[in-house]
Structure formats: C-alpha cells, structure tokens
Amino acid sequence: TKILHPQHVFEQCTEAPATTKSDWQQVDKLWRQQAELLEAKFSSNLQSGQLSGCIGGDHSSSFGAMKAFGAHCKEQGESFGIFQIDAHLDLYDVYDGLQCSHACVMKRVLDEVDNLDSFVAVGIRECGE
C-alpha cells in the first residue's frame, strides 16, 4: 500500500506568512499542485479498479480526489453525490485573499468537479456571508 503525502509541495510556504497578492497567488498555486497530485493518484487507482479513500486534517486536501472521482463518473456515464459533515459550508469564493482556502473548498468542488448531482451538508453552524 502506498500513501501519497504531498506535504513537500507546501514546504515552500512555511518561511513567512503570505502578505502580498503575489504571496496569496503562490499559495493558491501550491494548493492546486497538491490537488493535481492527488487527482492523478486517485485517477490511476480508479482506472485500475482499486478502492481508494482520502482522509486529511485539512479537508481541502480531498479536492483532488473528488475531481478524479467526478471525472471517473463522467467517463462511466454516472453521477455522484457528496455528504459533508462539517461545522461550515466552506462556500466562500475567496477567503483571506485565497481562492483555494479551507473555507472555499466546497465552492471549488461545486464549480469544478464533473458529474456531481447532489451535495448534502450536516452539522453546519455557520454559513458565511
């Protein structure tokens, strides 16, 4: 069993907090790179019929897996739904200058994941603006 751990992608961001627009853009770029790594791994697993799952401390890390699953469903002519258990909807378009923040992940999912036909969220105590 291999475990994909893309933490090395984020090591470039640990020296100083993001303070300028270009810093935020770099953080968003690195988040996208992490998502692409996970998407590629999950796509490979799905094509070979391997059962896959994604568990992470920051739930935005599962974005790549959801994109891969959506693409797989599209290829199969199927759709899928997401059941989110969270205290927040995470539907901000931008949060603290980031489009790829933990608070924006479900907005990215709804905008970018193929063949998603339902989204159910439970445990929500804050919906944002």
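**Exercise 1. Describe the second largest pocket of this predicted model: which residues lie nearest its centre, and which elements line it?**

Solution. Start with the lining, which is made by 20 residues, and among these C54, S62, A65, M66 and I82 lie nearest the centre of the second largest pocket. Next, assign the lining to secondary structure: α2, α3, β1 and α4 are the elements that each contribute two or more residues. Of the elements, β1 gives the most, namely 6 residues. Finally, the space in this pocket comes to about 480 Å³. All of this is read from a predicted model rather than from an experiment.

**Exercise 2. Identify the residues of the largest nonpolar core and the elements that supply them.**

Solution. The largest nonpolar core has 12 residues in all, and they are W31, A35, F63, M66, C73, F80, I82, C100, V105, M106, V109 and V113. Two or more of these residues come from each of α2 (21-47), α3 (63-76), β1 and α4 (105-112). A second core, separate from this one, has 5 residues, including L38, F42, L46 and A65. Turning to a single member of the largest core, C100 touches D28, W31 and R32, when residues up to four places away in sequence are not counted.

**Exercise 3. Work out whether the length of α2 agrees or disagrees with its number of residues, and list its buried residues.**

Solution. Helix α2 has 27 residues, and because each residue is taken to add 1.5 Å, the helix should span 39 Å. The C-alpha atoms at its two ends are 38 Å apart, which agrees with that expectation. The buried residues of α2 are D28, L30, W31, Q34, A35, L38, F42, N45 and L46. After the helix comes G49, with a positive phi near 80°.

**Exercise 4. Decide whether F83 is buried or exposed, and find what it touches.**

Solution. Place the residue first: F83 belongs to strand β1, which covers residues 80-85. Its relative accessibility is 56%, and because the cut-off for exposed is over 50%, F83 counts as exposed. Leaving out residues up to four places away in sequence, F83 touches V120 and V122. F83 and F119 are 36 residues apart in sequence, yet their C-alpha atoms are 6.1 Å apart in space.

**Exercise 5. Judge how confident the prediction is along the chain, and where the pLDDT is below 50.**

Solution. The mean pLDDT of the protein chain is 82, with 81% of its residues at 70 or more. Over residues 1-14, however, the pLDDT is below 50, although this stretch has 17 contacts in the model beyond near neighbours in sequence. Predicted coordinates should not be read in detail where pLDDT is low.

Definitions and conventions
Residues numbered from 1 in each chain as written. Predicted model: local features only at pLDDT ≥ 70, side-chain atom pairs only at ≥ 80, totals over all residues. Heavy atoms only, no water. Helix = DSSP H or I, 4+ residues; strand = E, 2+ residues; numbered from the N terminus. Buried < 20%, exposed > 50% of the residue type's maximum accessible area, 1.4 Å probe, protein only. Contact = heavy atoms within 4.5 Å. Core = buried A, V, L, I, M, F, W, Y, C linked by side-chain atoms within 4.5 Å. pLDDT = per-residue confidence, 0-100. Expected span 1.5 Å × (residues − 1). 1 Å grid on protein atoms, 1.4 Å probe; cavity = no way out; pocket = protein on both sides within 12 Å on 5 of 7 lines; lining within 4 Å. Points joined across faces, edges and corners; volume = space filled by probe spheres on them.
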